[in-house]
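This report covers the interior space, the ring contacts and the charged contacts of one chain. The sequence and the structure come first, and the text follows them.

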Amino acid sequence: MLENERYGEAKELLQFLLQCQGQNERNYEEWQALLEWLEAAFPSSAPDSDESGNESVEDEASMARRMAQDKLAQDAGYADKLLDTVMNGPLTEQTVLALEQLAYLDHPEVDAALTGWLKDQPLHPLFQFRVLQTLRRREMSGLVTIQRDEEIVEIEIEHVPLSHNEFPDAIMKILERVAEKTEIHEPTLYYFAQELWTQFVMAIYGTATYRSMLDGEESTMDIWAAALHDIVSESLKGNRKEEEIRSYYGITDTMRFKYEGAYRSLKQFVSADVDD
């Protein structure tokens, strides 16, 4: 959430976690410290789903654009320095900040440099998606061909989601089905499912796996919702209750093969993220 500047949502999650019982005392101390830091650093942050939140996001974007342009006016080589940080430096918080600044610079070489870099360099899928978002924020349009894992995909820049609310309805409905099964009895699980799902769909955006979720079939949504529920439950509880979870979503034996494929995709993503 912090990486995606969703500070208001991060506050809400921390406030919720602090109300949960039975956790290690050190966890509560860390959550409280992080919440206090967020409230001090971002006192007016709220979820960007409401009207006031959207206005706040627009104000922040205008301010960021003005600051970036001021720096470019003071230093003609500023864009090149940012590009060098993003493309040649280690992946750090400074790299992400440089990428964010590039989104607001009116400089003719930035689009070509970033699209060429995307095409030629193997990047972490989540950082790759951040670069795609930067290109959209720069109001670039058209197709960009990139490699995502072993797959070559074409991405339409103008359709790249800038927030989780901009993903297609089918993607969001999968998460809604998990919410229906967990919000009352396992609300903590839903919070983690929401975050994992957001990261996962960004990492596979544009791939054959991603496109397969958009077929509009009820069974497809059930399969992915069950697999998401399964993987998060296993991660939190340390054991897998596959049959029980499959029954929640009506996953029959004829759907089992696709279900296992969805589960493996999520498992590989979680394992790769931990390894990285």
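How do the residues of the lining of the largest cavity divide into nonpolar, polar and charged? The lining has six nonpolar residues, two polar ones and no charged one. The model is a predicted one, and every value below is computed from it.

**The cavity**

Searching the whole structure for cavities of 30 Å³ or more gives one. The space in this largest cavity is about 40 Å³. Its lining consists of His164, Phe167, Ile171, Met172, Leu175, Trp197, Thr198 and Val201. Two helices, H8 (169-182) and H9 (187-203), each contribute at least two residues to that lining.

**Aromatic pairs**

Ring contacts come next. The count of aromatic pairs is 10. In one of them, Tyr28 and Trp31 have ring centres 5.6 Å apart and planes at 85°, so the pair is classed as edge-to-face, the angle being over 60 degrees. Tyr28 and Trp31 both belong to helix H2 (residues 25-41), where a spacing of three residues puts about one helical turn between them. Tyr28 is buried at a relative accessible area of 15%, and Trp31 is buried as well, at 17%.

A further pair joins Trp197 and Trp224; it is tilted, with 6.1 Å from centre to centre and 55° between the planes. Because Trp197 is in helix H9 and Trp224 in helix H11 (residues 218-237), the pair ties together parts of the chain that are 27 residues apart in sequence. Trp197 has a relative accessible area of 1% and is buried; Trp224, with 7%, is also buried. Trp197 is also one of the residues that line the largest cavity.

Ring pairs also connect Phe129, Phe167, Tyr205 and Tyr210 into a cluster. Phe167, like Trp197, is among the residues of the cavity lining.

**Charges over rings**

Two contacts set a charged side chain over an aromatic ring. Lys181 is placed over the face of Tyr249, 5.8 Å from the ring centre. The charged end of Arg240 lies over the ring of Tyr263, at 3.7 Å from the centre of that ring.

**Salt bridges**

Side chains of opposite charge can pair when their charged atoms come close. Over the whole structure, the search finds 14 salt bridges. The table lists some of them, with the N to O distance of each.

| Residues | N to O distance |
|---|---|
| Glu166 and Arg136 | 2.4 Å |
| Arg240 and Glu242 | 3.7 Å |
| Arg256 and Glu260 | 3.3 Å |

Which parts of the chain does the pair of Glu166 and Arg136 link? Glu166 is in the loop between strand E2 (151-156) and H8, while Arg136 is in helix H7 (residues 125-137), so that distant parts, 30 residues apart, are linked. Both partners count as partly exposed: Glu166 has a relative accessibility of 39% and Arg136 one of 24%.

In the bridge between Arg240 and Glu242, the two ends fall into separate classes of exposure. Arg240 is partly exposed at 30% relative accessibility, whereas Glu242 is buried at 14%. Arg240 therefore counts as partly exposed because its value lies between 20% and 50%, and Glu242 as buried because its value is under 20%.

Arg256 and Glu260 sit four residues apart in helix H13 (residues 256-275), or about one turn of the helix. Arg256 is partly exposed, with a relative accessible area of 30%, and Glu260 is buried, with 18%. Through shared partners, salt bridges join Asp230, Arg240, Glu242, Arg246, Arg256 and Glu260 into one network. Arg240 thus has a place in this network and also has its charged end over the ring of Tyr263.

**A loop residue**

Where does Gln121 lie? Gln121 is in the loop between helix H6 (109-120) and H7. With a relative accessible area of 40%, Gln121 is partly exposed. Its C-alpha atom and that of Met87 are 9.2 Å apart, although Gln121 and Met87 are 34 residues apart along the chain.

Terms used:
Residues numbered from 1 in each chain as written. Predicted model: local features only at pLDDT ≥ 70, side-chain atom pairs only at ≥ 80, totals over all residues. Heavy atoms only, no water. 1 Å grid on protein atoms, 1.4 Å probe; cavity = no way out; pocket = protein on both sides within 12 Å on 5 of 7 lines; lining within 4 Å. Points joined across faces, edges and corners; volume = space filled by probe spheres on them. Nonpolar A, V, L, I, M, F, W, Y, C, P; charged D, E, K, R; others polar. Phe/Tyr/Trp six-rings, centres within 6.5 Å; stacked < 30°, edge-to-face > 60°. Buried < 20%, exposed > 50% of the residue type's maximum accessible area, 1.4 Å probe, protein only. Lys NZ or Arg CZ within 6 Å of the ring centre and 35° of its normal. Salt bridge = Lys/Arg side-chain N within 4 Å of Asp/Glu carboxyl O.
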